[in-house]
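User: Please take a close look at one part of this model, namely its salt bridges and the helices that carry them. How are the partners placed, and are they buried or exposed?

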Amino acid sequence: MISQNPMAEFRSECLKALTSSLEKVFPDRSFEQLNFAKPPVFEFGQLASSICFEIAKETCETPLQLANRIVESMDKAAFSLIEKVEVAGGGYINFHINFDKFSAIVIESARQLNENYGLIKVEKPQRIIVEHTSVNPVHPIHVGQARNPMLGDSIARLLSSRGHVVSRHYYVDDVGRQTAVLAYGYNKLGRPKPAEKPDHFLGKIYTITSCLVEIKRLKKELEAARALNKEDETPRLQREIDEWISVAAELKEKYPQLFDELLQKISEDEDPEKAINELNRAYEAGEEKARALIREVSQLCLEGFRETLTRVGVTYDSWDWESEFVWSGLVGKVLHMLKRTSYVFMQGGVLEFDANKVVRDLSLWSKLGLREGYEIPSLTLVRADGTTLYTTRDIAYTIWKFGRAEKCINVIGMEQSLAQMQLKVALYALGYWRQADNLVHFAYNLVTLPGYKMSSRRGRYIAFDDVIEEAIRRAYEEVSKRSPNLSEEEKRQVSEIIGIGAVRYALIAVDPAKPVEFKWDKVLDFERNSAPYIQYSHARACSILRKAARKPERASYDLLREKLEREIVLAIAEFPEVFIEAADMLKPNIIAEYANALADKFNTFYNAFPVIKAEPVELSDARLALVDAVRIVLRNALNLIGIFAPERM
RNA sequence: GGGCCCGUGGCCCAGUCAGGAUCAAGGCGCCGGCCUUCGGAGCCGGAGAACGUGGGUUCAAAUCCCACCGGGCCCGCCA
C-alpha cells in the first residue's frame, strides 16, 4: 500500500474511531472540529485528543472518567493503523500507531513516490505572482537585501511544488531619483565599460556621485539658510554636511581615482541637483536620450544581479520595468481613475490620496489588521513637477499583475508596511476588492551588522557576492581537509554547493519577522543546525546505500522495533503535512527546521545501530530502506528551500 | 505623539496565529566521555530559563485579553 500522506491516513482513522465512539456515548450531542495534537513524547502515542476536558464541563464526570468510557466503547476490531488507544494524564486519549503496518506504508511510499513524496498538490491551483528581490539597479545586492531573494525564491518553490502556477517577477525600479543619480555620474564619466563585475563598478559610481551631489546641495541650503537668517536650521545642516564629508573621505580613500574623476567632472556643473531632476523628468516623459542612458545603466547593473542570483539558484520568469508602466500610459490611466473617486485632493500643488477616508468609508480596519478608528496617513501621488512617486506607480503595476494572476505576493521589507497598506487601500478605493484581498505583503525584518548600520547610499555594506565568495572559500577549505580523496573538480563543485547552501539556510531559517544579525561565523556555520550538517547527513545516507550495493528486497518492516527507528518513520510520515503548512502559510523556515530535526534523528540512529551488517538480512534490508527514505525526504526538503543535496562531500 | 513588529538559559534560536500532559525543544560556548561497526561536518552525558513586568480569562497560559517596560521600523513632493 502506498500513501501520499501517511499521517493523514492515521489521523482520519483516529477521527473515525473517536467520532463513532462519541456518538455512542453522547447520542444527543454533536461534535464539530475534533482536533488532534502531537503528544509531548513518543511514549504517549503519536496523536492525542483533549476533548474530554471540554466535555467534562457539561457533565458531572471527570475528564478521566469520560476518557475511559469513550475509549472502552471504541470498536477495536475496526483498527488498522491504530495499535491501541490509551487514557493518560488527567483525561487525554492517546492513539498509538501500529508500526508493523505503518512503517511499511511510510517507507515504501517515500521510496516509490521519490522526488514527489511529500509534495501534496492543492485541489484548485491558482495563478500566483511572487514578486521578489526588486533591488534598485544602482549598486550590488548586499547581505541585507539578500534575505529577500532567499525568502522569495523559497516561497515560489513551495507554492509551485504545491501545484500552483507560479510566476517569479523582478520589478525593475528604473524610474526615480536613485537611477537618475547613477546615470548622471555614469554619463559624466563618459559611459565607461566596467573592468569588473558591472554592478560593483556602478555601485561605486552611484555612491560617490550621490555623496558629492548631496554635499553640494546641503551647502547651497546652508547658504540660503544663512542669507535668510534661519539660525535654527544651520546647525543641523552643518552636521549633515560634516557627516557626508566624512563619507566622502572614506570613499576617496577606497576609490581614489574614480573619486577624483567624478569630483572634477561634477564640479563643472553649476547645479547637479537640477540636472538630475531634469534627467528624471525626461526619463518619465520617455525622451529618447534619457531613455537610452538610463536603460543602458540599468541593464548593465542587472547583468551583475543576474550573475549573482543565478549562482545561488534564483531565477525569474519576468523582469518588469517600472518605466514601461509610465510610458504605456497605465500609470496615467490609474491616476485618472483615482481622480474620479472622492478620495483624491490637491494640496500645495501636489496630488494626494486620502487613504484614511477610504478606510473609514469602507470600514477596512479589520481587513488591514488595524484598530478601529486608526487614522492612516495620506499618500502623495504626484509631485509638483508632475512626476509620479513610487507607490503611485506600484498601484498601476499591481493592477497589471492582477491581470495575470489571481494572487500576488510581494516580498518586501517590513519597513515598507505603510506603503504596502496604502497600495492595498488604493485598490479598494478603485473597486478592486477581490484583488486587494489577494494582495499579500510578505514582510521580513532586516539583516543587521553588529558594528554599523548598513547604508547603500553611504557605500557601507557587505556585498552579497563577497559573502558567497567567502562561504565557498571556507567550504573548500573544509572539504579539502575532510575529503582529500575527492578530485579537484569534485571539491570545487561540492564546496560551491555547501557554501551557497550554508548562506541560503542562514538567511531563511529564522522567522522572517525577526532580524538576523549578520556574523560570518553564524552565516557560514558548518556545524549542527546548518545546511552543511543536513547535507552531510544526506551524503552519509547515500554512502550507506552505495556501500550496501544491493536493493533492500527482503525487508521486513515489522523488525524495526527500536524507538529511534519508529521516530524516524514518524518524522518521514509527517513530512507531507509539514510541507502543506509551509506552503499554505508561507513559512519556508519550518522546512529548514524539519530537515534539521530529521538529520539529528538520523545521525543518532546512524551512531547507534548497524545497517548493512544488521542481522537478520530482513532487518538489514528494512534499515536500508529506511535510510533510503530518509535520503529522499532530506533531499526533497532541501530542494524546497533551494539547497542542493550532494551525494558526496 | 500615533501605528506595526520583536522580547524565551551567558549568546543564538523553536514553540505563540489553531491554549493542554514528565524536564519549555534545539544550537553556540562551557565541563566530562566515545578514534566498536556503514564518513568524527558525527554520537553520548552534565551544568545552565522568574518564557520582559503586572493583572485578567480558563479545568489548563510562553501561547488568548488588558496595562506597562525595553528594543527595532514606519508616519517624505525617498524607495
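Analyst: Contact here means that heavy atoms lie within 4.5 Å. In that sense T234, setting aside its neighbours within four places in sequence, is in contact with L222, A225 and R226. T234 belongs to helix α8, which covers residues 234–254, and T234 counts as buried because its relative accessibility is 13%, where buried means under 20%. The model is a predicted one, and every value given here should be read with that in mind.

Turning to the salt bridges, the count for the model comes to 49. One of them joins K401 and E131, whose closest N and O atoms are 2.8 Å apart. This pair links distant parts of the chain, since K401 sits in helix α16 (residues 390–402) while E131 sits in strand β4 (residues 127–131), and the two are 270 residues apart. Both K401 and E131 are buried.

The helix that carries K401 deserves a closer look. Of the 13 residues of α16, 11 are buried, so the helix is largely enclosed by the rest of the structure. Besides K401, the buried residues of α16 include the charged residues R393 and D394, as well as T391, T392, I395, A396, Y397, T398, I399 and F402. The length of α16 also agrees with expectation, because 13 residues at 1.5 Å a residue should span 18 Å, and the end C-alpha atoms of α16 are 18 Å apart.

Other salt bridges have partners that are partly exposed, a class that lies between the buried limit of 20% and the exposed limit of 50%. E287 forms a salt bridge with R281, with the closest N and O atoms 3.2 Å apart; E287 is partly exposed because its relative accessible area is 36%, and R281 counts as partly exposed because its relative accessibility is 30%.

E496 and R311 form a further salt bridge, in which the closest N and O atoms are 3.0 Å apart. Here too the pair links distant parts of the chain, with E496 in helix α20 (residues 488–508), R311 in helix α11 (residues 288–311), and their positions 185 residues apart. E496 counts as partly exposed because its relative accessibility is 27%, and R311 is partly exposed because its relative accessible area is 33%. Beyond such pairs, salt bridges that share partners join E470, R473, R474, E477 and D521 into one network.

Technical notes:
Residues numbered from 1 in each chain as written. Chains lettered and ligands numbered in written order. Predicted model: local features only at pLDDT ≥ 70, side-chain atom pairs only at ≥ 80, totals over all residues. Heavy atoms only, no water. Salt bridge = Lys/Arg side-chain N within 4 Å of Asp/Glu carboxyl O. Helix = DSSP H or I, 4+ residues; strand = E, 2+ residues; numbered from the N terminus. Buried < 20%, exposed > 50% of the residue type's maximum accessible area, 1.4 Å probe, protein only. Expected span 1.5 Å × (residues − 1).
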